[in-house]
Structure formats: C-alpha cells, structure tokens
Amino acid sequence: MFEELFLLVTSVQFLIAAFSALAVGATAFTLAQPFFERDKLAARMKTAALEREQIRARERARLAEESKRAGLRQEPKEYMRTVVDRFDLRNALSDSKTVERLRIAGYRGQAALVAFLFARVTLPLLFFAAALFYIFVVIEWEQTLIIKLSAAIGAAYAGFYAPVLYVSNVASKRQTSIRRAWPDSLDLMLICVESGMSIEAAFRKVAEEIGTQSAELAEELILTTAELSYLESRRQAYENLASRTGLEGVRSAMTSLIQADRYGTPLGQSLRVLAQENRDERMMAAEQKAAALPPKLTVPMILFFLPVLFVVILGPAAIELMAQQ
C-alpha cells in the first residue's frame, strides 16, 4: 500500500496536478486579498485624531486649572466694571497698543484692562485730593491760590500717567528677564529637537529647565505649549508668543518655527544660528552698558568724590594757615 502511495505521489501526472492547483490557489488568493484587507491607514489616522483630541482636552483642563490658580483669567471687579462701562473708558483711554502693552507686562484678560482704566480715572482724583490736603493743611504753603491749585493739578496729571509708567516699568523688567534667558532656552530647545522630541515636548521641557533662570519665560513657554495643543494652527500659537514678549529675537525664532512647520525645512540649523545670534546680542548689550558707565559716573564723581578729595588735600594746609594767623 505504501509503495502504491509513493508511486502515486512521485508520478508526473500527480505532481503536475498538485502544482497546478497550488498555482491556481495562489492566483485566486492574490486576486481576492485586496477585497479582504482593511484600511489600516484610516484606522491609524482615526486613532491619532482621537489621541490628539484627548491631548487637547487634557491641556485645556490643565491650562484652566493653572489659570484659575495663577489668576490669569480673573473676573474684573464689579465696581470697576461699572465705572469703566458707565464712562465708556475702553473707547476713551485704551486702544490696541494698550492691550498689547498690558500683555507684554504679563497682565492678560479683561480684568487687567478694567483695573488699568479704573486706575487711570481714580488716581488723578486721589493725587489731587492728597496734594490739596498736603498744601493747605500739612505745610500751609504761603503762596497764591493759583500756584497751589497748579501744584495740585500737576499732582493729578502725575496720577493720570502713573499707571502707564507702572505698566511700562513692569513690561521692561519682564522683557529684560526674557531677553537674558532666551539664548539659553534656544540651546535647550535645540538639544531637545535634535534628540527627537516633538516641539510641544521641547517647549515643555525647556520651560521646566529655564524656570529657575526666568520665571517669566517659563510661563510664556507653558502657555505656548497649551496653545499648540488646542489651537487649530501652530502659526497662531507661535505668533502669540512673539506678540506676548515683544522681543525681536523671539519673533525671529518663531518665524523660523513657522517656516519649518510650513515647508518642512530643518529646524536644528536654524535654532543653532538663532541661539548664536541672540547670545551675541546679549553680549553686545552688556558691552554697551559697560561702555556707558564712565559718562554716567562723571556727575557723581564731580558732586561727591572731588569735593571730598579737595578737603582731604587742602584741609591740612588751610588749618596751618589759620593757625599761623
């Protein structure tokens, strides 16, 4: 029986039939395979979209919690809003530059704008009343009534511009802090990007590392990370960071990121060049301050150092002349 089976298997007719059936089956499987395959790309894209939506929801919740804890989205006081709305101070005393300056200073939302406008209205009245009380009651200044009223009006004028000077001072200090830490943050961002991290993860990591050097820059990078997660366009998030800082170095870096995101250009080389340029600008600013120091010291030396030096040098001679007389 085994001999007959062996002869059947090894016969030419059986081998031709077996290989023919195998070829027909392979052809049929090849032709039918596309009809049974599922669209894996669509499933992967759907999974990626769902993951992105989850990340957006998580970032929105985290940003809302941080904003509530840090006071980034505070509601304006009711009495301040009433005064601002009744006198229409938004159209009278504010414009786009006012909002931009408040944003650069770190004050965001309608609460900051309402408080700023309320201060510009109430501080002149307070300064005027305080000046009148000081002039007429405290010192009893012996001048004419016109001069006294002029001094009080000058104090009210100073109170009107005091909020502007305060916001400008805060914005200047904030920009200085960001400008000093920005080259180091670009170096850290370059390391993160070249190591394979995404731009969102790079921003988050740089914010964690740069916080000890500049809390202001860390805050801006955290906000940019959140905006990258929930805004429709990355370009808008980059432009928002540039407008919130108001620095040319940050604007140049954000332009490079926009071009890299749009055209697919390599980001590492751009970040390396930008980091070197910002580092050179920081060094030039330090050299300018050092070069401006001697002229600034001229007046203090004339007023405080030279009179003391003359007293020390000429004092003994004057004492001897007085003793001889």
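How many salt bridges does the structure hold? The count is 14. Please keep in mind that this is a predicted model. Here are a few points to help you find your way around.

1. A good place to start is the pair Arg 174 and Glu 219, a salt bridge whose closest N and O atoms are 3.6 Å apart. Arg 174 sits in helix 8 and Glu 219 in helix 10 (residues 215–230), so this contact links distant parts of the chain, 45 residues apart. Arg 174 counts as buried at 8% relative accessibility, while Glu 219 is partly exposed at 26%.

2. Next, look at Glu 200 and Arg 234, whose side chains meet in a salt bridge of 2.6 Å, N to O. Here helix 9 supplies Glu 200 and helix 11 (residues 234–245) supplies Arg 234, with their positions 34 residues apart in the chain. Glu 200 has a relative accessible area of 16%, under the 20% limit for buried.

3. Helix 11 also carries Arg 244, which pairs with Glu 227 of helix 10 and so ties together parts 17 residues apart in sequence. Their closest N and O atoms are 3.3 Å apart. Arg 244 is buried at 5%, and Glu 227 is buried at 12%. Both belong to one network of salt bridges with shared partners, together with Arg 108, Arg 174, Glu 219 and Glu 220.

4. Finally, follow helix 13 (residues 267–291): its 25 residues should span 36 Å at 1.5 Å a residue, and its end C-alpha atoms are indeed 36 Å apart. Its buried residues include Leu 267, Leu 271 and Asn 278. The buried residues of helix 13 pack against helices 8, 9 and 12.

Note on methods
Residues are numbered from 1 along each chain as its sequence is written. This is a predicted model: local features need pLDDT of at least 70, side-chain atom pairs count only at pLDDT 80 or more; totals for chains, interfaces and linings use all residues. Side-chain values use heavy atoms; hydrogens and water are left out. Helices (H or I, at least four residues) and strands (E, at least two) are DSSP runs, numbered from the N terminus. The expected span of a helix is 1.5 Å times one less than its number of residues. Buried means under 20% relative accessible area, exposed over 50%, partly exposed in between (1.4 Å probe, protein chains only). Contact means heavy atoms within 4.5 Å. A salt bridge is a side-chain nitrogen of Lys or Arg within 4 Å of a carboxyl oxygen of Asp or Glu.
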